[in-house]
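Please open the model in the viewer and follow the selections below in order. Each stop gives a selection and then describes what is found there.

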Amino acid sequence: QVQLVESGGGLVQTGGSLRLSCAASGRSFSRYGMGWFRQTPGKEREFVAGIDWSGARIYYADSVKGRITISIDNVKMTVTLQIYSLKSEDTAVYYCAASGTLYGSGTYTHEYEYNYWGQGTQVTVSS
């Protein structure tokens with residue numbers, strides 16, 4: 001059974017940085033695509049970044065490009081999202097997602113492309 005467990009969220013000041021981790025377990029992810037989304041109350045889940053398990057394909061949302069880095073550790077089976085220069089609008093619950101159909105295809109940017117989700121980790125940016 002696939003499990004995705006996020007960690008690293010918390011309260012951060014504006015301009016600071018944060019590293020979120022997603023620990024994946026339950027099967028081989030060698031041909032999986034992984035993604036990070038975020039959601040604020042009353043809004044739809046928003047794509048943030050995506051990566052295939054090999055690390056060869058990486059995607060960022062335009063809204064965060066230049067401030068976010070996604071990476072993958074195949075040995076530790078962990079996907080990391082590093083966020084820099086945090087803004088108040090980065091406040092959200094951040095979710096890790098996985099898909100067995102994205103590897104080698106797909107946009108990585110839509111919720112429907114993913115079939116496994118973590119529980120989310122709260123990031124709050126204060127001024």
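Begin by selecting Asp90 together with the residues around it. Leaving aside residues up to four places away in sequence, Asp90 touches Arg38, Arg67, Ser85, Val123 and Val125. The model on display is a predicted one.

Next, display the side chains of Asp90 and the two arginines among these neighbours, Arg38 and Arg67. The Asp90 side chain makes a polar contact with the side chain of Arg38 at 2.9 Å, and another with the side chain of Arg67 at 2.8 Å.

Now show the backbone on either side of Asp90. This residue is found in the loop that runs between β8 (78-83) and β9. Is Asp90 buried or exposed? Its relative accessible area is 0%, and the cut-off for burial is under 20%, so Asp90 counts as buried.

From the loop, proceed into strand β9, which spans residues 92-99, and select Cys96 within it. Which residue is the disulfide partner of Cys96? The partner is Cys22, with the two sulfur atoms 2.0 Å apart. Cys22 lies in strand β3 (residues 18-25), so the bond ties together parts that are 74 residues apart in sequence. The structure holds one disulfide.

Keep both cysteines selected and inspect the bond itself. The torsion about the S-S bond of Cys22 and Cys96 is about -75°, and the disulfide is therefore left-handed.

Finally, turn on the molecular surface at this bond. Cys22 is buried, with a relative accessible area of 0%; Cys96 is likewise buried, and its relative accessible area is 0%.

Key
Residues numbered from 1 in each chain as written. Predicted model: local features only at pLDDT ≥ 70, side-chain atom pairs only at ≥ 80, totals over all residues. Heavy atoms only, no water. Disulfide = S-S within 2.5 Å. Helix = DSSP H or I, 4+ residues; strand = E, 2+ residues; numbered from the N terminus. Buried < 20%, exposed > 50% of the residue type's maximum accessible area, 1.4 Å probe, protein only. Polar contact = N/O pair within 3.5 Å; in protein donor to acceptor, adjacent residues only side chain to side chain. Contact = heavy atoms within 4.5 Å.
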